[in-house]
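Visitor: Hello! I would like to learn how a protein holds on to its ligand. Could you show me one?

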Amino acid sequence: MVRDDPDYQPRFKEVFGVSGDAITIEHVKQAIAAFERTLISGDSPFDRWYFGRDRKAMSEAAIRGFKVYMEQGRCVSCHTIAEDHALFTDNRFNNLNVGFERIAGRLPKLTAAFEKSKRAGGNVDVAVLSNANLSELGRYAVNDQWRSMGAFKTPTLRNVARTAPYMHDGSLKTLKDVVSFYSKGGRVKDKDPINAYQSSGIRPLGLSDKQQADLVAFLEALTSPAYAKSK
Ligand code: HEC
């Protein structure tokens with residue numbers, strides 16, 4: 001609770017002139033809104049090229065990467081781009097096969113223990129945040145639907161070049177690793193197993209080294225200059 005956190009107490013005093021029980025949800029809302037206003041994401045080379053029609057705003061490699069993103073890579077099917085804006089997420093949940101191998105062989109046991117603790121009033125947030133195996137259940141932990149097993153929400157890709165490491169468990173270190181993972185159909189190595197709950201939208205893409213490098217150049221063009229400067 002922010003109210004009881006010694007790190008936040010002096011800052012609330014400084015900004016709002018209040019402390020302890022005088023801190024209300026209104027103060028917290030204002031603080032979160034102030035934080036969100038710092039997350040500026042527009043005006044990236046992509047925005048200037050795509051929406052602003054500035055043909056020089058993106059490099060040749062990034063322009064080729066955009067084509068891979070839209071066509072052979074099918075990235076746009078989940079990381080969406082609309083006609084007049086681009087959030088780079090469909091806000092849906094998908095199992096990509098990231099980190100799932102860790103629990104794949106133990107699902108009946110793991111889910112039975114999880115459901116039991118849930119029925120006994122156990123806190124789901126605490127369970128998934130304190131136990132790496134339970135966190136791999138993904139959306140299932142929230143909705144108890146087997147089709148959501150190991151599924152995570154599609155994240156935006158804005159400023160993604162600045163936010164390594166990647167995926168819910170931080171297991172992929174670079175954008176190059178991410179693109180290679182997708183090209184192998186959700187595998188780090190060619191022979192890695194695929195799980196039964198993997199999204200049908202993830203399958204081997206057969207991207208050449210050049211196409212993969214171009215795709216990385218495109219992802220790097222999603223950085224807003226204001227965001228880059230604030231970091
Ligand atoms: C079927 C939907 C889907 C498709 C297709 C898809 N993604 Fe994703 N993407 C996701 C989901 C879901 C995650 C988060 C997965 C996780 O953490 O387990 C993600 C994560 C990422 C991340 C990591 C973001 C971060 O901040 O950790 C990058 C980068 C990314 N995708 C790029 C791409 C690229 C490039 C393509 C095309 C080659 C692509 N995605 C295709 C759904 C998709």
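Visitor: Which strand and which helix each supply at least two residues of the shell around the ligand?

Guide: Welcome! Keep in mind that this is a predicted model. The shell counts 26 residues, and Cys75 and Cys78 are among the closest. The helix that gives the most to the shell supplies 3 residues. The two elements that each supply at least two are strand S2 (152–153) and helix H10 (175–183).

Visitor: How do the residues of the shell around the ligand divide into nonpolar, polar and charged?

Guide: The ligand these residues surround sits in the largest pocket. Sorted by kind, the shell has 2 charged residues, 8 polar ones and 16 nonpolar ones.

Visitor: Which residues coordinate the iron atom of the ligand?

Guide: The site of this iron atom has 6 donor atoms, with angles of 86 to 179° among them, and is octahedral. The protein's part comes at 1.9 to 2.1 Å, through an NE2 atom and an OH atom. These belong to His79 and Tyr182.

Visitor: How many residues apart in sequence are the parts that this pair ties together?

Guide: His79 lies in the loop between helix H4 (60–70) and strand S1 (93–94), while Tyr182 is in helix H10. The pair therefore ties together parts whose separation in sequence is 103 residues.

Visitor: Which residue has a backbone N or O atom 2.7 Å from an oxygen atom of the ligand?

Guide: Met167 has a backbone N or O atom 2.8 Å from a ligand oxygen, so let's look further. The residue with the 2.7 Å distance is His168.

Definitions and conventions. Residues numbered from 1 in each chain as written. Predicted model: local features only at pLDDT ≥ 70, side-chain atom pairs only at ≥ 80, totals over all residues. Heavy atoms only, no water. Near = heavy atom within 4 Å. Polar contact = N/O pair within 3.5 Å; in protein donor to acceptor, adjacent residues only side chain to side chain. 1 Å grid on protein atoms, 1.4 Å probe; cavity = no way out; pocket = protein on both sides within 12 Å on 5 of 7 lines; lining within 4 Å. Sits in = over half its atoms within 2 Å of the grid points. Helix = DSSP H or I, 4+ residues; strand = E, 2+ residues; numbered from the N terminus. Nonpolar A, V, L, I, M, F, W, Y, C, P; charged D, E, K, R; others polar. Donors = N, O, S within 2.8 Å, 3.2 Å for Na, K, Ca; no water. Tetrahedral: all angles 85-135°; square planar, octahedral: opposite > 155°, others 65-115°.
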